[in-house]
Amino acid sequence: MRFTSEQRLDDGVLEREFTLGEIPGTLWTPGSGPAPLILMAHNNGLPKGQARLVARARQAAAYGYAVATIDAAGCGDRPRSPADEQSRADLRRAMRTGEPVDEIFESLVGPLVEKAAPEWRTTLDALLALPGIGGPVGYSGWTAVGIRLAVVEPRIAAAGFFAGGFVPRAQREEARQVTIPLLFLLQWDDEGNPRQRALDLFDAFGSKEKTLHANPAGHTGTPWFEVEDGNRFFGRHLK
């Protein structure tokens, strides 16, 4: 892992950009350590610099966590395969014309998850080798890749999932294998995520401790207090 820049923010949080092979990422660490680690991912491959993700990360770091995010393969500004580009073009066309989009999402998001999970695990190895960062580890954000990581990565002790992103069939099946504590956030009027599908997914999780928070409004209307509640959720399981 090579750090390429750093800045100390007004709240004392240290923000550092890094590269790990071809993986670009950002790490936020609180002013004092050691700190438990949260891996934070945005839904469906949006960039690590997306404003809402950065705001969540900085708030969690100020709360006392080390927080890391990456642009996994096919995400953010990283090169996309011809198949990815075709799926994105098909999706834009279908949304313009009102055609069904589930199978297009399946062809786009499924491969993203398959590529992203190994890179998140590689990043986790490198992060836990840094001074001032320790376990247990939490995960927050993109539900599809979070399900995969919760199944294959035993170091993840708790997860907060955002229900707004498309979850491929493979991860809907894997949800039954997820047993860690979960906080599941649902926007009740999410225009891109059928409510019943999200409720069925919540029901499928195998966790004994799982909590569903549902709020009115659309996809981007998650109240800020849910971020604060998420930090308290991780406080119960990571500190």
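In this structure, which is a predicted model, residue E15 finds its bridge partner in strand β3 at W28. Within the same pair of strands, R16 has L27 of β3 as its bridge partner. Strand β2 (residues 14–20) and β3 pair in the antiparallel sense over seven bridges, and in the hairpin that they make, with two residues between the strands, G21 takes a positive phi near 65°. W28 also has a bridge partner on β5, namely V67, where β3 and strand β5 (residues 66–70) run antiparallel and are joined by four bridges.

On the side of β1, the pairing of β1 with β2 is antiparallel as well and extends over six bridges, with R8 standing opposite L14 in β2. The hairpin of β1 and β2 has five residues between the strands, and G12 in this hairpin takes a positive phi near 90°.

The strand pairings described here are listed below, together with one that is parallel.

| Strands | Sense | Bridges |
|---|---|---|
| β1 and β2 | antiparallel | six bridges |
| β2 and β3 | antiparallel | seven bridges |
| β3 and β5 | antiparallel | four bridges |
| β4 and β6 | parallel | seven bridges |

These pairings belong to an open sheet of nine strands with mixed pairing, in the order β1-β2-β3-β5-β4-β6-β7-β8-β9. Its edge strands are β1 (2–8) and β9 (210–215), each of which pairs on one side only, and the twist from one strand to the next averages 20°. In the parallel pair, formed by β4 (residues 35–41) and β6 (residues 133–142), the bridge partner of L37 is V137 in β6.

How much of the sheet is covered can be followed strand by strand. Six of the seven residues of β3 (residues 23–29) are buried, so this strand is largely enclosed by the rest of the structure, while β2 is mostly covered, with five of its seven residues buried.

Two helices can be described by their contacts with the sheet. Helix α4 (residues 143–152) packs on the sheet and touches β4, β6, β7 (156–162) and β8 (182–187), its direction making about 145° with that of β6. Because eight of the 10 residues of α4 are buried, this helix is largely enclosed by the rest of the structure; the buried residues include the charged-name position R148 as well as T143, G146 and I147. Helix α7 (residues 224–238) lies across β4, β6, β7, β8 and β9, and runs at about 165° to β7.

A further packing arrangement joins two helices to each other. Helix α2 (residues 82–97) and helix α3 (residues 102–128) pack at an angle of about 145°, with their axes 8 Å apart, and their crossing is left-handed. The residues that meet are D84, S87, R88, D90, L91 and A94 in α2 and I104, F105, S107, L108, L112 and K115 in α3; by class, this contact has six nonpolar, two polar and four charged residues.

The largest nonpolar core holds 54 residues, of which L37, Y139, W142 and F205 touch the most other members, and its largest share, 12 residues, comes from α3. Leaving aside residues up to four places away in sequence, F205 touches I147, F161, A175, V178, L182, F184 and K210. A second, separate core of 19 residues includes L9, V13, V54 and V67.

Technical notes. Residues are numbered from 1 along each chain as its sequence is written. This is a predicted model: local features need pLDDT of at least 70, side-chain atom pairs count only at pLDDT 80 or more; totals for chains, interfaces and linings use all residues. Side-chain values use heavy atoms; hydrogens and water are left out. Axes are lines fitted to C-alpha atoms, for helices over the stretch in contact, and angles run from 0 to 180 degrees between N-to-C directions. A crossing is left-handed if the near helix is turned anticlockwise from the far one by less than a right angle, and right-handed if clockwise. Contact means heavy atoms within 4.5 Å. Ala, Val, Leu, Ile, Met, Phe, Trp, Tyr, Cys and Pro count as nonpolar, Asp, Glu, Lys and Arg as charged, and the others, Gly among them, as polar. Two strands pair if DSSP finds at least two bridges between them. A nonpolar core is a set of buried Ala, Val, Leu, Ile, Met, Phe, Trp, Tyr and Cys residues joined through side-chain atoms within 4.5 Å. Buried means under 20% relative accessible area, exposed over 50%, partly exposed in between (1.4 Å probe, protein chains only).
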